[in-house]
Amino acid sequence: HAPPPAPSDRDVGVLHQAMQTLGVSQGNVLGNFFHVLIDPNLTIYQYSVGFVDEVTQLKLKTVVLRKLLKALADANRVDMNRLIFDGSSIYSLDENPHLVGRFEQQYEMSENAEGATRGPTVFRVEIMPLRTLRPGLQVEQLAGRDPLMGSEDHEQMPEQVLNIILTRAFGAARNLKKIVRDYYDVRSPLPLPGFMARLGVRILQGFSSRIVGRPTGYLLNLGITHKVMSEETVLNRINRVVPLRAGTRLTPAQQEIIRDKICGLSITTRYNYARYTIVDVDFSQTLQSTF
C-alpha cells in the first residue's frame, strides 16, 4: 500500500463542519485508510438476475441460482470461482454469453409455509447483461463525487463488487468466521483473568473492512473490532429461569415466563457462528423430535 494522500481543503472543511455539528473539538483525526491498487485492465461484467415467479427469500434465491450456475458452468466449462452473486446481480471476470437467457431450475422444497411436505419446484430465472465495470479506469470518475456520498448514490461505481471480493478473501481464511458483518478469529480468543473466565465469557478479536471511493481513488478502511460472547446455552438460560426436572411438564405459567425471558435474544451457533433471533419456544418438541 502507499501512504494516504493529503486531504483536500474541501475534505477538511466538510470534516470540520461535521465535527462542529457533533460538538467535537478540532484536532488531528486518524483513520486506517490504505490505497487500493487496481489493475487498469481489470474488467468485471455485471449481469442482472430476475426470477420470473416472485421469490422474496434471499437465501432461497441464492441456493437456486447457485445450482443453476453450477449446471451452466459444468456444461460450458465456466470457472465458478470467477462468478459472484450479490442477491440481484452476477459479477463475472469473464464475458459469458452462456449465462444470458431464460432458464428453468428445479429445486426440492422440503416443506412449505404451512409445514406440509412439498415436491420439486421449478424456478424460472432470467439473466441479462447489465453493464461492464472497469474499476482501474473509473478512478478518474471519483474526482467529481461528493466525498460524503456512498456507493448507493452512485450505482455505476464498482465499490459493491470490490467489497464482495474483499469479503470472499476474509472468508477464505481458515481461522476467521463471519459474525454479522465482520470477521473474527474464533480460535484465539483474548486471554481473560480467572474471575472473568469463570463467568463464561469469550472476547473475540476481529476485523471490520470496507472499500470506499473517494476523489483521491479507492481506499481500504481496515479496523480492529471485538465481540463479547457468552458461553451460556439457551438450555442453561431456560434452566436458570425455571429449573427443569426430568419427567415433569411445565405449566402454562412457567412456559410464559420462559418465553418472556428468552424471546428476542440473539444467539450464535457454535458450529458455524450463524446468528439467529429467538422469536418463540415450541414446548411440544422433545429430544426425540426431528426436523
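## Fold, sheet and pockets of a predicted model

Of the contacts in the protein chain with a separation of 6 or more, 58% are between residues 24 or more positions apart. The model is a predicted one. Its protein chain has 291 residues, and buried residues make up 28% of them. The secondary structure of the protein chain consists of six helices and 12 strands.

**The five-stranded sheet**

Five strands form an open sheet in the order β1-β10-β9-β8-β7, with antiparallel pairing. Its edge strands are β1 (33-35) and β7, each of which pairs on one side only. On average, neighbouring strands of this sheet are turned by 35° against each other, direction ignored. Strands of a sheet pair through backbone hydrogen bonds, either parallel or antiparallel.

At one edge, β1 is joined to β10 by three bridges, and the two strands run antiparallel. Phenylalanine 33 has asparagine 221 in β10 as its bridge partner. Towards the other edge, β8 and β9 run antiparallel and are joined by three bridges; here tyrosine 183 has phenylalanine 207 in β9 as its bridge partner. The pairing of β7 with β8 is antiparallel and extends over four bridges, and leucine 176 is the bridge partner of aspartate 185 in β8. These two strands, β7 and β8, form a hairpin with two residues between them, and valine 180 in the turn has a positive phi of about 60°.

**Helix α3 and leucine 220**

Helix α3 lies across β7, β8, β9 and β10, and runs at about 150° to β9. Leucine 220 is located in strand β10 (residues 217-230). Which residues is leucine 220 in contact with, leaving aside its neighbours within four places in sequence? They are Asn32, Phe33, Phe34, Val36, Leu166, Ser209, Arg210 and Ile211. Between leucine 220 and asparagine 163 the C-alpha to C-alpha distance is 9.4 Å, while the two are 57 residues apart in sequence.

**The two largest pockets**

The table sets out the volume and lining classes of each pocket.

| Pocket | Volume | Nonpolar lining | Polar lining | Charged lining |
|---|---|---|---|---|
| Largest pocket | about 1500 Å³ | 18 residues | nine residues | nine residues |
| Second largest pocket | about 1300 Å³ | 12 residues | eight residues | four residues |

The largest pocket has a volume of about 1500 Å³. Its lining comprises 36 residues, and the closest to its centre are Phe85, Ile164, Thr167, Lys178 and Tyr183. Two or more residues of this lining come from each of α2 (58-76), β3 (83-85), α3 (159-171), β7 (176-179), β8 (182-185), β9 (201-214) and β12 (275-277). Which element gives the most to the lining of the largest pocket? It is α3, with eight residues. The helix that lies across β7, β8, β9 and β10 is thus also the element that gives the most to this lining. Tyr183, one of the residues closest to the centre of the largest pocket, has its bridge partner, phenylalanine 207, in β9.

The second largest pocket holds about 1300 Å³ of space. Of the 24 residues that line the second largest pocket, Asp282, Phe283, Gln285, Thr286 and Leu287 lie nearest its centre. The elements that give two or more residues to its lining are α5 (234-241) and α6 (252-262). In this lining, α5 has the largest share, with three residues.

Note on methods
Residues are numbered from 1 along each chain as its sequence is written. This is a predicted model: local features need pLDDT of at least 70, side-chain atom pairs count only at pLDDT 80 or more; totals for chains, interfaces and linings use all residues. Side-chain values use heavy atoms; hydrogens and water are left out. On a 1 Å grid over the protein atoms alone, a cavity is a set of points where a 1.4 Å probe fits but cannot get out, and a pocket is an open set with protein on both sides within 12 Å along at least five of seven lines; lining residues have an atom within 4 Å of a point. Grid points are joined across faces, edges and corners, and a volume is the space filled by probe spheres set on the points. Ala, Val, Leu, Ile, Met, Phe, Trp, Tyr, Cys and Pro count as nonpolar, Asp, Glu, Lys and Arg as charged, and the others, Gly among them, as polar. Contact means heavy atoms within 4.5 Å. Two strands pair if DSSP finds at least two bridges between them. Axes are lines fitted to C-alpha atoms, for helices over the stretch in contact, and angles run from 0 to 180 degrees between N-to-C directions. Buried means under 20% relative accessible area, exposed over 50%, partly exposed in between (1.4 Å probe, protein chains only).
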